[in-house]
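Please open the structure in your viewer and keep the selection tool at hand. The tour goes from one selection to the next, and at each stop it says what is there.

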Amino acid sequence: MPEHSCQNAAEPCTRKVPIFASLSGADLSRISAMIIHRKYTKGQPLILEEQPTDTLFIIQQGQVKLSKMTPQGKEQILHILTAGDFFGELSIFNSDELSNFSAYALKDTSICMLTRADMERIMLENPDIAFKLLKTVTKRLAHTENLAQSLATKDPEIRIAYMILELSDIYGKMRGGRIHIDLPLSREELANYAGVTRETISRKFAIFEDLGLIELIGNKRMVIRNRPSLEKYID
């Protein structure tokens, strides 16, 4: 797994991450010199659940899923992250932290990494970065609570509608008056995200298509035809 500094990259990670947006060019260059750059192939783990970690992972290019194993031995996807996103922030604030999720590359992915020691120096010199990290932690906790609430319902249509809307918010692009989504997950992974079986998600997708809510184009593209009606499922 080759590693190199991010300092001389054509597009350093520091210019992609919102938490560093307020820094000067000189500060960004200094942080880039601290960063280690690593590439992962599709399906490769970046970190495993219960593994000790002291690293902030920044996605320079590609996509990463964060997931946990349920007591029943099934994967539960927690987050889908893309370029400019980061994870592992809890390890920056707690030296005894074990990872409470696994992270896998969904496609060939380039990652920039900062150690806890480097992040502590950066935050001492730029305290606003610590506040931005905490804001991200708060948003992710809110997302996890919403996901838990969605999974607690026994109605799979509500779970699947919630997932579609979230994918729309993250990956949706407006074209021709409709939202087009390049799906980052396989059908099996989509089922894991919604907490249903593959058969159930295929059946519910067909129902949503018949209702005119969505349109599936192969296994990797979805068009949302009626977002307001999807939103009614989770109101």
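The stops below visit a sheet, the helices on it, two cores and some charged pairs.

Before selecting anything, note that this is a predicted model, in which local features need pLDDT of at least 70 and side-chain atom pairs count only at pLDDT 80 or more, while totals for chains, interfaces and linings use all residues. Residues are numbered from 1 along each chain as its sequence is written, and side-chain values use heavy atoms, with hydrogens and water left out.

**The four-stranded sheet**

Helices (H or I, at least four residues) and strands (E, at least two) are DSSP runs, numbered from the N terminus. Select strands 10, 11, 12 and 13, which form an open sheet in the order 10-11-13-12 with antiparallel pairing; two strands pair if DSSP finds at least two bridges between them. Strand 10 (173–175) and strand 12 are at the edges with a single partner strand each, so one side of each has no neighbour in the sheet. From one strand to the next, the twist averages 30 degrees. Now look at strand 12 and strand 13, which pair in the antiparallel sense over four bridges, and find Ile217, which stands opposite Arg221 in strand 13.

**The helices on the sheet**

Add helix 5, which packs on the sheet and touches strand 10, strand 11, strand 12 and strand 13, its direction making about 90 degrees with that of strand 11. Then add helix 7, which lies across strand 12 and strand 13 and runs at about 120 degrees to strand 12. For these angles, axes are lines fitted to C-alpha atoms, for helices over the stretch in contact, and angles run from 0 to 180 degrees between N-to-C directions.

**The nonpolar cores**

A nonpolar core is a set of buried Ala, Val, Leu, Ile, Met, Phe, Trp, Tyr and Cys residues joined through side-chain atoms within 4.5 Å; buried means under 20% relative accessible area, exposed over 50%, and partly exposed in between (1.4 Å probe, protein chains only). Select Ile160, Met163, Ile164, Phe205, Ile214 and Leu230, which touch the most other members among the 28 residues of the largest nonpolar core. Helix 5 gives the most to this core, with seven residues. Where does this core lie with respect to domain 1 and domain 2? Domain 1 (13–144) and domain 2 (153–232), whose bounds come from an automatic or database domain assignment, both give residues to this core, so it lies between them.

Keep Leu230 selected: leaving aside neighbours within four places in sequence, Leu230 is in contact (heavy atoms within 4.5 Å) with Ala161, Ile164, Leu165, Phe208, Leu213, Ile214 and Ile224. Apart from the largest core lies another, of 21 residues, including Val17, Phe20, Ile129 and Ala130.

**The charged pairs**

A salt bridge is a side-chain nitrogen of Lys or Arg within 4 Å of a carboxyl oxygen of Asp or Glu, and by this rule the count comes to eleven. Return to Arg221, which forms a salt bridge with Asp182, the closest N and O atoms being 3.7 Å apart. Because Arg221 lies in strand 13 (residues 221–224) and Asp182 in strand 11 (residues 178–182), the pair ties together parts that are 39 residues apart in sequence.

Next select Asp169 and Arg227, a salt bridge whose closest N and O atoms are 3.0 Å apart. Asp169 is exposed at 56% relative accessibility, whereas Arg227 is partly exposed at 21%. Finish with Asp27, Arg30 and Glu125, which are linked in a network of salt bridges.
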